Amino acid sequence: MRHCNSVFKAQDIWFFCDEENKIKRKLYLAFCPICQKSIALYSYFDNKINDYVEKYYYSGGVERIKQKLKSDRTATMLGFKNNYKMPSGFKYGINKEIKKMGKIVEIRQFASDFEGNKILVKKIKNGKP
Ligand SMILES: [Zn+2]
């Protein structure tokens, strides 16, 4: 996305169902890192003109286009990320000791990546897996 002579990545992308003449519809959402304005880029392929169309929206226009397109939304990029927060890349193990009255009653083993995503791998209760 572009604004203030700079190019930056979208913070979220909305995906939409196809319309008769508009397919591959996407709404890119971001804040310009230079002026901090909220910016939306609506992009789709127009079958009538056989080309991609890109429209930019700013500030108040961003909210209006979001409201307008909300009901056609099928997925969001942030939604994907939040639904699939699995550790990726390098992993390391974490053991977390659960104590009760000073005694270790359970050890929880997690696998974690370096972005802090972790999953519980194993629970060991009273010294037994
Ligand atoms: Zn800007």
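1. Pairing of strand 3 with strand 7. In this predicted model, strand 3 and strand 7 are joined by 3 bridges and run antiparallel. One position can be located directly: W14 lies opposite T76 of strand 7. Strand 7 covers residues 73-76 and is an edge strand, pairing on one side only.

2. Pairing of strand 3 with strand 4. Strand 3 also pairs with strand 4, in the antiparallel sense, through 4 bridges. The two strands make a hairpin, with 5 residues between them. Within this pairing, D12 stands opposite L29 of strand 4, and I13 stands opposite Y28 of strand 4.

3. Pairing of strand 4 with strand 5. Residues 22-31 form strand 4 and residues 38-46 form strand 5; these strands are antiparallel and share 8 bridges. Two of the partners in strand 5 may be named: A30 is bridged to I39, and F31 is bridged to S38. The hairpin of strand 4 and strand 5 has 6 residues between the strands, and Q36 in this hairpin adopts a positive phi near 65°.

4. The sheet as a whole. The pairings above belong to an open sheet of 5 strands, ordered 6-5-4-3-7, with antiparallel pairing. Its edges are strand 6 (51-58) and strand 7 (73-76), each of which pairs on one side only. From one strand to the next, the twist averages 20°. Helix 1, residues 60-69, packs on the sheet and touches strand 3, strand 4, strand 5, strand 6 and strand 7. The direction of helix 1 makes about 45° with that of strand 5. As background, strands of a sheet pair through backbone hydrogen bonds, in either a parallel or an antiparallel sense.

5. The nonpolar core. Which residues make up the largest nonpolar core? This core has 9 residues in all: W14, F16, L27, L29, I39, A40, L41, Y42 and V62. Strand 3, strand 4 and strand 5 are the elements that give two or more residues to the core, and strand 5 gives the most, with 4 residues. In general terms, nonpolar side chains tend to be buried together in soluble globular proteins.

6. Contacts of I39. I39 is a member of the largest nonpolar core and the bridge partner of A30. Setting aside neighbours within four places in sequence, I39 is in contact with M1, H3, A30, F31, C32, Y56, Y58 and V62. Among these contacts, V62 is also a member of the core.

7. L69 in helix 1. L69 is located in helix 1. Is L69 buried or partly exposed? L69 is partly exposed, because 15 other C-beta atoms lie within 10 Å, whereas a buried residue would need 20 or more. Apart from residues up to four places away in sequence, L69 touches W14, F16 and L27, and these three residues appear in the list of core members. L69 and F16 are 53 residues apart in sequence, yet 8.0 Å apart in space, C-alpha to C-alpha.

8. Positive phi angles in two loops. Most residues other than glycine have a negative phi. N50, although not a glycine, has a positive phi of about 55°; N50 lies in the loop between strand 5 and strand 6. S59 is likewise not a glycine and has a positive phi of about 40°; S59 lies in the loop between strand 6 and helix 1. Why does N50 count as exposed? N50 counts as exposed because it has 7 C-beta neighbours inside 10 Å, and the limit for an exposed residue is 12 or fewer. S59 also counts as exposed, with 11 C-beta neighbours inside 10 Å.

9. Confidence in the model. The protein has an average pLDDT of 84, and 84% of the residues score at least 70. Where is confidence lowest, and where is it highest? Confidence is lowest in helix 2, residues 77-83, with a mean of 73, and highest in strand 5, at 96. Strand 5 is also the element that gives the most residues to the largest nonpolar core.

Note on methods: Residues numbered from 1 in each chain as written. Predicted model: local features only at pLDDT ≥ 70, side-chain atom pairs only at ≥ 80, totals over all residues. Pairing = 2+ DSSP bridges. Axes fitted to C-alpha atoms, helices over the stretch in contact; angles between N-to-C directions. Contact = placed C-beta atoms within 7 Å. Core = buried A, V, L, I, M, F, W, Y, C linked by C-beta atoms within 7 Å. pLDDT = per-residue confidence, 0-100.
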